[in-house]
Amino acid sequence: MLVFSDQNLAFLAVPKTGTTAFEMALRPRADIILSKRRKHLTAARFHNKVAPFLADTFGLTVETMAVMRDPVEQIRSWYRYRSGPRQKGTKASTNGCSFDDFVLAVISDNPPPFAGIGSQFNFVTSGKGEVLVNHLFAYERQPVFRAFLTQAFGEEITLKQKNVSPPAEAPLSAAVEAKLRKVRADEFALYERIKAAGGHLVTPVG
């Protein structure tokens, strides 16, 4: 998570949405940086804990921004990441597990350790499903986000690929995709709203 006082903005890092590249590009401009285990602070936690702290301590009221990815691709990125050498031999490894099996484990009632990845929808919403991010951008329409950043910071923001998941075969059967879309209907619907808004969904949060 990054906070920029001059721009009155905070960047919330949704996992597996290219956040490392954005973080590296924006980090030199940030006034407050939460990294490592606190990097992926959820919107609800920011709204309930960090926003009041910023207001009380610095008199700072910021708008939040975050990136969402096509839900299938975001889960596929998790699968590829956990099939890589860093996870080999750990409980988080997906080695020997097909992508179909991984998706079924992710949406099960009690996901095993290798499939405990949370959801983008839960990350950016309240417990009641209310969107808690002012500016939601579609990962697949990155020029829209970069244009927003250029306007906010007054200069072009250059991104370099970082923390890219290793390649791995990850086909998804139609039957399993249908189950995923049913279980995570709210997440797919929110992503469609972002795309329908041109890749930038603006939501008043207060």
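Which residues of α3 are buried? In this predicted model, the buried residues of α3 are Pro 71, Val 72, Gln 74, Ile 75, Arg 76, Ser 77, Trp 78, Tyr 79, Tyr 81 and Arg 82. That makes 10 of its 12 residues, and the helix is mostly covered. The cover includes four other helices: α4 (99-106), α5 (120-124), α7 (174-183) and α8 (185-196).

Helix α3 runs over residues 71-82. Its end C-alpha atoms are 17 Å apart. At 1.5 Å a residue, its 12 residues should span 16 Å, so the two values agree. The N-terminal end of α3 is capped by Asp 70. A side-chain oxygen of Asp 70 lies 3.0 Å from the backbone nitrogen of Val 72.

Arg 181 belongs to helix α7, and α7 is among the elements that cover the buried residues of α3. Along the chain, Arg 181 and Pro 71 are 110 residues apart. In space, their C-alpha atoms are separated by 8.9 Å. Pro 71 is one of the buried residues of α3. Arg 181, in contrast, is partly exposed, because its relative accessible area is 38% and the partly exposed class lies between 20% and 50%.

The second largest pocket holds about 180 Å³ of space. Its lining consists of Ala 43, Phe 46, His 47, Ala 51, Ala 55, Leu 60, Thr 61, Val 62, Thr 64, Leu 132, Asn 134 and Val 205. Helix α2 (residues 43-58) gives the most to this lining, with five residues. By type, the lining residues divide into eight nonpolar and four polar. No charged residue takes part.

His 47 is one of the residues that line the second largest pocket. Its place is in helix α2. His 47 counts as partly exposed, because its relative accessibility is 29%. Beyond residues up to four places away in sequence, His 47 touches Pro 52, Leu 132 and Val 205. Leu 132 and Val 205 also appear in the pocket lining. So does Thr 64. His 47 and Thr 64 stand 17 residues apart in sequence. Their C-alpha atoms are 9.3 Å apart in space.

Val 202 lies in strand β6 (residues 200-202). Val 202 is exposed, because its relative accessible area is 52% and the class begins over 50%. Outside its neighbours within four places in sequence, Val 202 is in contact with Asn 134 and His 135. Of these, Asn 134 is also listed among the residues that line the second largest pocket. Gly 96 is 106 residues from Val 202 in sequence. From C-alpha to C-alpha, Val 202 and Gly 96 are 41 Å apart in space.

Glu 23 is placed in helix α1 (residues 19-26). Glu 23 counts as buried, because its relative accessibility is 8% and the buried class is under 20%. Not counting residues up to four places away in sequence, Glu 23 touches Leu 2, Phe 11, Leu 34 and Lys 39.

Gln 142 is found in helix α6, which covers residues 142-153. A polar atom of the side chain of Gln 142 lies 3.5 Å from the backbone oxygen of Tyr 139. With neighbours within four places in sequence left aside, Gln 142 is in contact with Phe 22 and Leu 159.

Two loop residues were examined for their backbone angles. Most residues other than glycine have a negative phi. Asn 8 has a positive phi, near 50°, and is not a glycine. Asn 8 sits in the loop between β1 (2-4) and β2 (9-11). Asn 8 counts as partly exposed, because its relative accessibility is 35%. Lys 16 likewise has a positive phi, of about 60°, although it is not a glycine. Lys 16 is found in the loop between β2 and α1. Lys 16 is buried, because its relative accessible area is 13% and the cut-off is under 20%.

Key. Residues numbered from 1 in each chain as written. Predicted model: local features only at pLDDT ≥ 70, side-chain atom pairs only at ≥ 80, totals over all residues. Heavy atoms only, no water. Helix = DSSP H or I, 4+ residues; strand = E, 2+ residues; numbered from the N terminus. Polar contact = N/O pair within 3.5 Å; in protein donor to acceptor, adjacent residues only side chain to side chain. Contact = heavy atoms within 4.5 Å. 1 Å grid on protein atoms, 1.4 Å probe; cavity = no way out; pocket = protein on both sides within 12 Å on 5 of 7 lines; lining within 4 Å. Points joined across faces, edges and corners; volume = space filled by probe spheres on them. Nonpolar A, V, L, I, M, F, W, Y, C, P; charged D, E, K, R; others polar. Expected span 1.5 Å × (residues − 1). Buried < 20%, exposed > 50% of the residue type's maximum accessible area, 1.4 Å probe, protein only.
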